[in-house]
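Colleague: I am new to this structure and would like to understand the terms used to describe it. May I ask for the reasoning behind each of them?

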Amino acid sequence: MKINQRSLKKSDELWQRAQDTILSGCQLYSKGPETHIKGVSPIYIDHGKDGHVWDPDGNEYIDYDMGLGPILLGYQYKAVDDAVMAQLRRGMGYSLVAPEEVEYAELCVKHIPSAGKVRFLKTGSSATEAAVRIARCYTGRKHIVRGEYHGWHEWTTAAENVRQGGILPEVRQFVHKFDYNDLAKVEEYFETYPGEIAAVITEAVEVEPPKEGFLAQLKELCHRNGALLIFDEVVNGFRFSIGGAQAYFGVTPDLSTFGKAAANGMPLSVVAGRKDIMEEVDKKIFISTTFGGDCLSLAAGIAVMKELESGEVTKAIWEKGRYLQDNFRRLARDIDVPIDLSGYPCRLNLEYTDYEGKKDWLYNSIFMQESVKRGVLLGWHIFPCYTHTQEDLDFTLNVFEDAMKVYREALKSGHPETYMEGEPLKIVLG
């Protein structure tokens with residue numbers, strides 16, 4: 001594929017201005033230049049349409065990060081945009097609650113297995129914060145066992161190894177990490193802290209499939225020890241199915257959190273829970289935010305739900321993802337490169353190693369660099385959206401074929417670092 005001759009001048013100038021006014025230069029670390037290839041990738045996106053985005057310098061890319069997951073249907077998706085504009089003409093938010101809160105809540109209860117009652121917030125982090133607080137209130141316990149990543153709030157960040165500024169040291173004793181599928185580790189925590197664990201929070205799945213019976217056994221283990229099971233569906237929710245990964249896998253947690261794709265880019269998140277749990281904590285807990293009932297986001301959320309109800313959107317996204325995954329793996333075998341497009345078709349993940357199986361952020365960087373030079377923007381995951389076209393998918397596979405050939409050459413050279421034209425990406429949290 002043709003390597004695009006691009007200027008990134010406007011993007012770079014904006015970044016320089018941001019250094020004087022914005023903490024860390026951006027609002028989300030995973031969108032910043034350190035997580036892409038600074039000097040080769042654009043730093044800013046000016047606008048998007050369907051599955052494509054344009055940077056401030058006018059360069060066009062097929063986007064697969066999709067806002068880091070929120071863009072389920074595509075940028076400027078008409079049914080959602082029309083709903084938001086219609087609501088805008090009526091008002092964005094009022095001095096009392098709006099009817100849209102009830103309409104969206106009823107859709108959540110109808111379609112999400114764990115939703116006996118719900119509460120709306122703005123971000124995935126806030127939703128998981130609310131779920132943990134509900135669990136602690138309901139059980140009267142302090143300890144939380146957590147999976148991979150659940151947001152930026154203190155209870156979850158305290159279990160990380162970097163960016164620990166401002167975290168109270170005493171919080172760390174109440175947060176314990178485990179690896180997905182490691183039921184034995186969770187059992188160990190219950191033995192170490194008997195009667196003290198409020199909840200286990202995990203994604204129902206990220207990339208690695210659940211072992212046979214893992215999710216059901218995890219739920220049983222929690223209940224046997226008087227704890228709640230929370231599924232963080234912030235990424236998976238509405239992408240796996242209208243009912244989330246919990247509906248796909250057939251295991252209903254006690255509480256769950258949704259966000260990202262809930263409103264196709266508008267800020268909306270949901271904490272959902274068993275009715276008895278939600279009613280038990282109702283008068284004891286404080287979860288209250290001015291913009292939880294923001295009418296524009298709720299209008300978008302209602303529109304997304306209506307698009308999903310027929311099942312056509314979910315089916316199409318899975319088909320697009322499966323097409324990419326199957327053909328990517330065929331190319332990787334034919335070209336003989338140690339890269340895999342793993343995960344489920346609705347949420348794919350690129351796995352990079354060298355020929356000895358060693359992982360290095362440099363390897364991610366080389367492939368991402370070669371892709372963006374040819375017009376495909378990658379991030380942490382590949383999220384097929386409803387409006388990615390067959391032409392987009394085939395163009396992408398052609399780009400991946402070229403990127404694989406450069407990747408193979410870089411590894412076999414013995415000095416892959418010399419293939420970097422920009423700065424290799426860096427880890428954000430861990």
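The conversation below takes up strands, unusual backbone angles, salt bridges and a surface patch.

Modeller: Please keep in mind that this is a predicted model.

Colleague: What makes strand E10 largely enclosed by the rest of the structure?

Modeller: A residue is called buried when its relative accessible area is under 20%. In strand E10, residues 269-273, 5 of the 5 residues are buried, so the strand is largely enclosed by the rest of the structure. Ser269, Val271 and Gly273 are buried on one side, and Val270 and Ala272 are buried on the other. Both faces of E10 are therefore covered.

Colleague: How do you know that strand E4 pairs with E10?

Modeller: Two strands pair if at least two bridges are found between them. Strand E4, residues 117-121, is joined to E10 by 5 bridges, and the two run antiparallel. The criterion is therefore met. As an example, valine 118 has alanine 272 in E10 as its bridge partner.

Colleague: Which strand is joined to E10 by 4 bridges?

Modeller: Strand E9, residues 255-258, is joined to E10 by 4 bridges, and the two run antiparallel. The requirement of at least two bridges is therefore satisfied here as well. Phenylalanine 258 has valine 270 in E10 as its bridge partner. E9 is also joined by 4 bridges to strand E8, residues 228-233, and that pair runs parallel. Phenylalanine 231 stands opposite serine 256 in E9.

Colleague: What is the order of the strands in the open sheet, and why is its pairing called mixed?

Modeller: The open sheet has 7 strands in the order E4-E10-E9-E8-E7-E5-E6, with mixed pairing. Both kinds of pairing occur: E9 and E10 run antiparallel, whereas E8 and E9 run parallel.

Colleague: What makes E4 and strand E6 the edge strands of this open sheet?

Modeller: In the order E4-E10-E9-E8-E7-E5-E6, E4 and strand E6 (175-177) are the edge strands, as each pairs on one side only. From one strand to the next, the twist averages 20°.

Colleague: What is notable about the phi of leucine 68?

Modeller: Most residues other than glycine have a negative phi. Leucine 68 is not a glycine, yet its phi is positive, about 70°. The residue is found in the loop between strand E3 (60-63) and helix H2 (78-90). Its relative accessible area is 13%, which is under the 20% limit, so leucine 68 counts as buried.

Colleague: Where is phenylalanine 238 placed, and is this residue buried or exposed?

Modeller: Phenylalanine 238 is placed in the loop between E8 and helix H8 (244-249). Its relative accessible area is 2%; since buried means under 20%, phenylalanine 238 is buried. Phenylalanine 238 also has a positive phi, about 75°, although it is not a glycine.

Colleague: Why is the contact between glutamate 188 and lysine 185 called a salt bridge?

Modeller: The N to O distance between their side chains is 3.2 Å. The limit is within 4 Å, so the contact qualifies as a salt bridge. Glutamate 188 and lysine 185 are 3 residues apart in helix H6 (residues 183-192), which means that about one helical turn separates them. The structure holds 25 salt bridges.

Colleague: How do you know that glutamate 188 is partly exposed?

Modeller: Partly exposed covers the range between under 20% and over 50%. Glutamate 188 has a relative accessible area of 38%, so it belongs to that class. Lysine 185, with 25%, is likewise partly exposed.

Colleague: Which parts are tied together by arginine 329 and aspartate 340?

Modeller: Arginine 329 forms a salt bridge with aspartate 340, and their closest N and O atoms are 2.8 Å apart. Arginine 329 lies in helix H11 (residues 312-335) and aspartate 340 in strand E11 (residues 339-344), so the pair ties together parts 11 residues apart in sequence.

Colleague: What makes Met85, Leu88 and Met92 a nonpolar surface patch?

Modeller: Patches are made of residues with over 30% relative accessible area and no salt bridge, and nonpolar side chains are joined within 5 Å. Met85, Leu88 and Met92 make such a patch, of about 280 Å². Methionine 85, which lies in helix H2, has 40% relative accessibility, so it passes the threshold of over 30%.

Terms used. Residues are numbered from 1 along each chain as its sequence is written. This is a predicted model: local features need pLDDT of at least 70, side-chain atom pairs count only at pLDDT 80 or more; totals for chains, interfaces and linings use all residues. Side-chain values use heavy atoms; hydrogens and water are left out. Buried means under 20% relative accessible area, exposed over 50%, partly exposed in between (1.4 Å probe, protein chains only). Axes are lines fitted to C-alpha atoms, for helices over the stretch in contact, and angles run from 0 to 180 degrees between N-to-C directions. Patches are made of residues with over 30% relative accessible area and no salt bridge: like charges are joined within 9 Å, nonpolar side chains (Val, Leu, Ile, Met, Phe, Trp, Tyr) within 5 Å. Accessible areas come from the Shrake-Rupley method with a 1.4 Å probe; for residues, only the protein chains shown count as cover.
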